[in-house]
Amino acid sequence: MYHKSHYLDANHSFARGDNSNAVLVKGSIWRQSVRDTTEIENLRRELVKAKQTIFEMQEKEQRLKDRLAEQAQKMLERGIRFENVCLGEMRPTALIRKYGNLYAQARVDTLDALDSLHPLKDAEELKSKLLFSVVVLAFRSAQQTASELKQQICKLLQIQDCSKKENNDETAELHTSINTYLRNTCDQFDTSKNVEEVCNQIWATLYDYPCLKMCDGLTIYVRDCVRLAWALTSQTPPFVIEYETRNFRRDMHIRFHTSHQECDTIKTYLWPALLEDATNGPCVHKGVVIT
């Protein structure tokens, strides 16, 4: 038989065991709390760093935007043209390239077609002037059509003086919208009337050569010139051709191989120079001249 004191000692032992376990649990909880606190502090520091990085990146982005805006403004002030690459072959650089190809390839092909006409076989000067005149007439027709279209729109909207774009904000916005529409749809515009007009002028001027009406190569050349003239005229600002200058300028002309290399007086134009704007615009394609 156990003595009563034995039961008391056993109870005390169990009590001491419970207290020890409680201490262990509390210690474990405290250590976990310390680890959690440390991890939270680490996360806070990382969050602060991340916020700082985001702030610095935003500042860099804003500085970059400011520089780009400043560069764009300087380019606009220098008259540099921005292009909409979505326009594809109708964007200005592509049109300028086509203008060069019109002289380098289409003109040569048309000369070959004219050579097949017996009355023109040996008329080299006449053929050269004819093809030059087609370009001039094409641009003249395109410019006239564009002007008439804008005048008709202004008349329908009862705008008194369509030529004054600075009348008010609404008028200026209208002009901008018209120019944008014509530029973006220049490849869809029906130029058949312009082609007919240019052809009729040629037939009337060279009435002694009725065979020209039967030359398909010439008709194709007229059509290509008119379409390109319309596309170039529809740009903002419009491209124009120049063939009035009588003194050779290296920034605007190149000499044909038969030219007198030491002479600066232009005798005749074989191909007009293409300018970006009628008022002091840069030359984007040099004219071909004989000096």
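Here are three short exercises on a predicted model, each with a worked solution. Residues are numbered from 1 along each chain as its sequence is written, and side-chain values use heavy atoms, leaving out hydrogens and water. In this predicted model, local features need pLDDT of at least 70 and side-chain atom pairs count only at pLDDT 80 or more, while totals for chains, interfaces and linings use all residues.

**Exercise 1.** Find where Pro237 lies, and state whether the peptide bond before it is cis or trans.

*Solution.* Start with the location: Pro237 sits in the loop between helix H6 (216–233) and strand E1 (240–242). Helices (H or I, at least four residues) and strands (E, at least two) are DSSP runs, numbered from the N terminus. Next, look at the bond from Thr236 to Pro237: it is cis, with omega near -5°.

**Exercise 2.** Work out which residues Pro238 touches beyond its neighbours within four places in sequence.

*Solution.* Pro238 belongs to the loop between H6 and E1. Its contacts (heavy atoms within 4.5 Å) are Leu232, Thr233, Glu276 and Asp277. Now take Asp277: Pro238 and Asp277 are 39 residues apart in sequence, yet 5.9 Å apart in space, C-alpha to C-alpha.

**Exercise 3.** Put the strands of the open sheet in order and explain why E1 and E5 have a free side.

*Solution.* The order is E1-E4-E5, with antiparallel pairing; two strands pair if DSSP finds at least two bridges between them. E1 and strand E5 (283–285) are at the edges with a single partner strand each, so one side of each has no neighbour in the sheet. Finally, three bridges join E1 to E4 (residues 273–275), and Glu242 stands opposite Ala273 in E4.
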